[in-house]
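Subject: Structure handover

Hello,

Here is the structure I promised to pass on. My notes on what was found in it follow below.

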Amino acid sequence: MSIPKVVRIRQVKPQPQVPDLAGEVRNCWLNSSLPRRLSPGARLAVAVGSRGINNVFLIVRTTVDVLKEMGYRPFIVAAMGSHGGATAEGQRELLAEYRISEADLGVEVRTDMETVCLGTNSWGEPVYWDRNAFEADDVVLVARVKPHTDFRGRFESGLLKMSVIGLGKRDGAAQHHRWGYRGLRDMMPETARVILEKTRLLGGLAILENAAEQTARLQYVDRD
């Protein structure tokens, strides 16, 4: 019997990676729609809260710095749904673990859990949103976009989910999760429609990571 030769091989899949992360963050904001949508001096809420993002401190710190340079007055709003025990203190501690803190960023960090009701979505369910974000002049998001661990749909984990679940705080998170995967896959986009209609949410910086969990791409996504 003829036995074919066996050769050990190694497969290497090149992974895209942003070479100049701070520079790319700056470019995304400078080339965004903010200059035509915002007036200088605007009090701008920057929603942050996605867990486990590599380089999140550098991305957020650069975001804060460039927004200041553009003439705005940024502050951080926790967009973490019910994480951190659904308390202001717990969410502040979680953010601080990633150096998202007033001491490290030089801006105010608000983790209050109070919400406002914006109305109802097409399911007849109330739509809750963070009061600090609602009362800001404008709002932007910083979030990683990735597949969700529990369901598949057009929108999974990313900017839309942060706007609905993250900024919905305990009220919005509990409401959507009560419906199981349908609350995320099907109702979440309907809630987002109300948020876009009723708030000053301008858009957000989307973060994509490669298979090695390094920052592979950054892109500003306008509300439109």
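**Asn132 and its surroundings**

Asn132 touches Phe75, Val77, Arg110 and Asp112, leaving aside residues up to four places away in sequence. Please note that this is a predicted model. Asn132 sits in helix α6, which covers residues 131–135. Is Asn132 buried or exposed? Its relative accessibility is 11%, so Asn132 counts as buried, the cut-off being under 20%.

**The chain as a whole**

The protein chain holds nine helices and eight strands. Its C-alpha trace spans about 80 × 40 × 35 Å along the principal axes. The chain has 224 residues, and 48% of them count as buried. Take the contacts between residues at least 6 apart in sequence: 70% of these join residues at least 24 apart.

On the surface side, the chain exposes about 11,600 Å². Carbon and sulfur atoms supply 47% of that area. For your electrostatics, there are 31 positive and 27 negative charges. The mean positions of the two sets are 7 Å apart.

**The sheet**

Six strands form an open sheet with mixed pairing. The order is β3-β2-β1-β6-β7-β8. Which strands stand at the edges? They are β3 (109–110) and β8 (215–222). Each has a single partner strand, so one side of each is left without a neighbour in the sheet.

Now to β6, residues 138–144. On one side, β1 and β6 run parallel and are joined by five bridges. Ala47 has Leu141 as its bridge partner in β6. Strand β6 also runs parallel to β7 (residues 201–209), with six bridges between the two. Two of the bridge partners in β7 are worth listing:

- Val140 of β6 is partnered by Gly203.
- Arg144 is partnered by Ile207.

How many residues of β6 are buried? Seven of the seven are, so the strand is largely enclosed by the rest of the structure. In a regular strand, side chains alternate between the two faces of the sheet. In β6, Asp138, Val140, Val142 and Arg144 point one way. Val139, Leu141 and Ala143 point the other way. Both sets are buried, and they include the charged residues Asp138 and Arg144.

**Helices across the sheet**

Two helices deserve a look here. Helix α3 (residues 56–69) lies across β1 (43–48), β2 (73–78), β6, β7 and β8. It runs at about 150° to β2.

Helix α7 lies across β1, β2, β6, β7 and β8. Its angle to β6 is about 120°. This helix covers residues 159–166 and is mostly covered, with eight of its eight residues buried. Those residues are Leu159, Leu160, Lys161, Met162, Ser163, Val164, Ile165 and Gly166.

**Backbone points to check**

Which residues other than glycine have a positive phi? Ala86 is one of them, with phi near 55°. Ala86 is placed in the loop between β2 and α4 (88–97). Its relative accessible area is 11%, so Ala86 is buried.

Lys169 is another, with a positive phi of about 60°. Lys169 belongs to helix α8, residues 169–178. Its relative accessible area is 0%, so Lys169 is buried.

**An exposed arginine**

Arg193 lies in helix α9, which spans residues 181–198. Why does Arg193 count as exposed? Its relative accessibility is 56%, and the cut-off for exposed is over 50%. Arg193 and Asn121 are 72 residues apart in sequence. In space, their C-alpha atoms are 7.8 Å apart.

**In short**

Three items to keep in view when you open the file:

- The sheet is open, has six strands and shows mixed pairing.
- Strand β6 is buried along its seven residues, and so is helix α7 along its eight.
- Ala86 and Lys169 carry positive phi values without being glycine.

Best wishes

Note on methods. Residues numbered from 1 in each chain as written. Heavy atoms only, no water. Helix = DSSP H or I, 4+ residues; strand = E, 2+ residues; numbered from the N terminus. Buried < 20%, exposed > 50% of the residue type's maximum accessible area, 1.4 Å probe, protein only. Contact = heavy atoms within 4.5 Å. Areas by Shrake-Rupley, 256 points an atom, 1.4 Å probe, with all protein chains shown as cover. Charge placed at Lys NZ, Arg CZ, Asp CG, Glu CD. Pairing = 2+ DSSP bridges. Axes fitted to C-alpha atoms, helices over the stretch in contact; angles between N-to-C directions.
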